[in-house]
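Reader: I'd like to learn how to read salt bridges and sheet topology from a model. Could you walk me through one?

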Amino acid sequence: MQKPFNTYFGGKGSNGTYQTIINFIRPHQRFIEVFAGNATISRKMKKAQENILIDINPDVCRRLSDCLEGYKVLNQSGITFLMNDVNTNKLKTTYFLDPPYPLETRKSTKRYDYELSNEEHEHLLKIALQLKGDVLISTYPNDMYKKVLSGWYLHQYKSTTRGGQAIEWLFMNYEPQEISQLHDYSYLGGGHRQRQLYRKKMKRWLDNFSELPQLFQNQLIEELLKQRHL
């Protein structure tokens, strides 16, 4: 799938970054990426029944519409969209919010055509607390997010940026132990080597399974389903 931009400041396209985020996303019918930018998470993850990309920048939305077929692209304020979505959402929804990093967390203060003030960041977070569904929010370490989202789970990880390694924060309104299923298992594993190992094991198991008699295959599937519901 073509990228709207070759590089995008604050994007989640570096190796290990989008995989980390996708490995926390539970099954859903509707996926909404707010402050979409390069829409890396939506592009890298299996599509949902409904996929919505929100960005206030018209140039970003034009590029997203040109590159991503089957995605609904809305050129509007992410805050306004979320305010309206709080009480109208009926499908099982996951929200991924990737707002501009707060200015005090960045070495370069002017990187986006449309920034958020501290007041807007706080407004965004208070709306996020009201959303019905799974919510994931990405940011750099900062006191405001830590305070407002104090009741949420915080996952810290390293990402690769143009300036080198950086610490990223991923807030979620649910705990990792509540994740019994993933929306997309493509990146399962804690790193590149582990993901390769999982793929090799999966291929070996599938090859062995395909060599079994059909009735035995059916019995194994039945037993696995029983174990899952125990």
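**Salt bridges and a sheet**

Author: Sure. Let's start with Arg63, which is partly exposed, with a relative accessible area of 35%. Keep in mind that this is a predicted model.

Reader: Which residue does Arg63 form a salt bridge with?

Author: For a salt bridge, look for a side-chain nitrogen of Lys or Arg within 4 Å of a carboxyl oxygen of Asp or Glu. Here the partner of Arg63 is Asp59, and their closest N and O atoms are 3.5 Å apart. Both residues sit in helix H3, four residues apart, which is about one turn of the helix.

Reader: And what does Asp59 do with Arg62?

Author: Asp59 forms a salt bridge with Arg62 too, with 3.8 Å between the closest N and O atoms. Helix H3 covers residues 58-67, and because Asp59 and Arg62 are three residues apart in it, about one helical turn separates them. As for exposure, Asp59 is partly exposed, at a relative accessible area of 30%.

Reader: How many salt bridges does the structure hold?

Author: Nine. Another one pairs the side chains of Glu223 and Lys226, at 3.6 Å from N to O. You'll find this pair in helix H8 (residues 214-228), again three residues apart, or about one turn of the helix. Glu223 is partly exposed with a relative accessible area of 35%, and Lys226 is partly exposed with 46%. Then there's a network: Arg30, Glu50 and Asp85 are joined by salt bridges that share partners.

Reader: Now the sheet. What is the order of its strands?

Author: Reading a sheet means following which strand pairs with which. This one is an open sheet of seven strands, running S3-S2-S1-S4-S5-S7-S6, and the pairing is mixed.

Reader: Which strands stand at the edges?

Author: Strand S3 (72-75) and strand S6 (153-161). Each has a single partner strand, so one side of each lacks a neighbour in the sheet. On average, neighbouring strands of the sheet are turned by 20° against each other, ignoring direction.

Reader: How many bridges join S1 to S4?

Author: Five, between strand S1 (residues 30-34) and strand S4 (residues 93-97), and the two run parallel. Arg30, a member of the salt-bridge network, stands opposite Thr93 in S4.

Reader: Where does H3 pack?

Author: H3 packs on the sheet, where it touches strand S2 (50-55) and S3. The direction of H3 makes about 170° with that of S3. That brings us back to the helix of Arg63 and Asp59.

Notes: Residues are numbered from 1 along each chain as its sequence is written. This is a predicted model: local features need pLDDT of at least 70, side-chain atom pairs count only at pLDDT 80 or more; totals for chains, interfaces and linings use all residues. Side-chain values use heavy atoms; hydrogens and water are left out. Buried means under 20% relative accessible area, exposed over 50%, partly exposed in between (1.4 Å probe, protein chains only). Two strands pair if DSSP finds at least two bridges between them. Axes are lines fitted to C-alpha atoms, for helices over the stretch in contact, and angles run from 0 to 180 degrees between N-to-C directions. Contact means heavy atoms within 4.5 Å.
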